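Biologist: Please take one part of this model, the nonpolar core with its aromatic rings, and go through it closely. I would like cut-offs stated as you go.

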Amino acid sequence: MFYMERGGWASNLSMRFNLQTIPMGDVIVEKQLGVTGTGLDSQSFTFKAETSDDGSNWASLARGTSYTITDARGNSAGSGSVGADGTFQLQAGQRAIFSDLATDTYFRATETSSGTYSTQVHVYGNSGSTSGKSGQLQVSKEDTNYVLFVNTPDSSSLLNYDKNA
């Protein structure tokens, strides 16, 4: 820092800094149905979002963290904010876009809803992996950071019994 006082209401100040800025990345969480017209189309599904510096010590995403909601075509469908326990909700065909997450941190999304359906999780991104109803990845600015949840109703829930048929 350089500061020079000349007097008579004149002075100069020059500052330089060498702090690195942390690059940020976006993470997309999407909900899809394997079969439509089963009653799940309008249901809200609950997810939990967590982050970690090292991929092992997880903490819920901060309450109030905002995200953008879009449909499968990318059209805006509103916005939301994460609840106290790191939860957020999506309906079938919706995406939650979490912006400005620090790169090289880990992000994990877990579907906490349950029902008569099976869940497949697909992860596209750096160091992506799945476990049960969870998908995690390492946030990257260059790569796509994408977690996809696909629910398919159990075959027993698709059967309709009618004794008059």
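Modeller: What follows starts with the conventions and the whole chain, then goes to the core, its rings and a few exposed sites.

This is a predicted model, in which local features need pLDDT of at least 70 and side-chain atom pairs count only at pLDDT 80 or more, while totals for chains, interfaces and linings use all residues. Residues are numbered from 1 along each chain as its sequence is written, and side-chain values use heavy atoms, with hydrogens and water left out.

The protein has one helix and 14 strands; helices (H or I, at least four residues) and strands (E, at least two) are DSSP runs, numbered from the N terminus. Its radius of gyration is 23 Å, well over the 15 Å that the globule rule gives for 165 residues, so the protein is more spread out than a compact globule. That radius is taken over C-alpha atoms, and the rule is 2.2 Å times the number of residues to the power 0.38. The C-alpha trace spans about 100 × 30 × 30 Å along its principal axes. Of the 165 residues, 33% count as buried, where buried means under 20% relative accessible area, exposed over 50%, and partly exposed in between (1.4 Å probe, protein chains only). Contact means heavy atoms within 4.5 Å. Among contacts between residues at least 6 apart in sequence, 65% join residues at least 24 apart.

Now the core. The term covers a set of buried Ala, Val, Leu, Ile, Met, Phe, Trp, Tyr and Cys residues joined through side-chain atoms within 4.5 Å. In soluble globular proteins, nonpolar side chains tend to be buried together. The largest nonpolar core here holds 25 residues, and Val-29, Phe-88, Phe-98 and Phe-107 touch the most other members. Elements giving two or more residues to this core are β3 (24-33), β4 (44-52), β6 (66-71), β8 (87-91), β9 (94-102), β10 (106-111), β11 (117-124) and β14 (146-153).

Phe-88 is a useful centre for the description. Not counting residues up to four places away in sequence, Phe-88 touches Val-29, Phe-45, Thr-46, Phe-47, Lys-48, Ala-49, Tyr-67, Ala-96 and Phe-98. In a regular strand the side chains alternate between the two faces of the sheet. In β8, Phe-88 and Leu-90 make up the covered face, while Thr-87, Gln-89 and Gln-91 make up the uncovered one. Strands β4 and β8 run antiparallel and are joined by five bridges; two strands pair if DSSP finds at least two bridges between them. Opposite Thr-87 of β8 stands Lys-48.

Next, the rings. Those of Phe, Tyr and Trp (its six-membered ring) pair if their centres lie within 6.5 Å; planes under 30 degrees apart count as stacked, over 60 as edge-to-face and the rest as tilted. The count by this rule is eight aromatic pairs. In one of these, Phe-45 and Tyr-117 sit edge-to-face, 5.9 Å centre to centre with 80° between the planes. Phe-45 belongs to strand β4 and Tyr-117 to strand β11, so the pair ties together parts 72 residues apart in sequence. Both partners are buried: Phe-45 has a relative accessible area of 0%, and Tyr-117 one of 8%. Another pair, Tyr-67 with Phe-98, is tilted, at 5.2 Å centre to centre and 40° between the planes. This pair links distant parts of the chain, with Tyr-67 in strand β6 and Phe-98 in strand β9, 31 residues apart. Tyr-67 is buried at 6% relative accessible area, as is Phe-98 at 1%. One aromatic cluster is formed by Phe-47, Tyr-67, Phe-88, Phe-98, Phe-107 and Phe-149.

A charge also meets a ring: Lys-31 lies over the face of Phe-45, at 4.3 Å from the ring centre. The criterion is NZ of Lys or CZ of Arg within 6 Å of the ring centre and within 35 degrees of the ring normal.

Finally, two sites with unusual backbone angles to check. Asp-100, in strand β9, has a positive phi of about 60° although it is not a glycine. Asp-100 counts as exposed, at 54% relative accessibility. Asp-104 lies in the loop between β9 and β10, and its phi, near 70°, is likewise positive in a residue other than glycine. At 51% relative accessibility, Asp-104 also counts as exposed.
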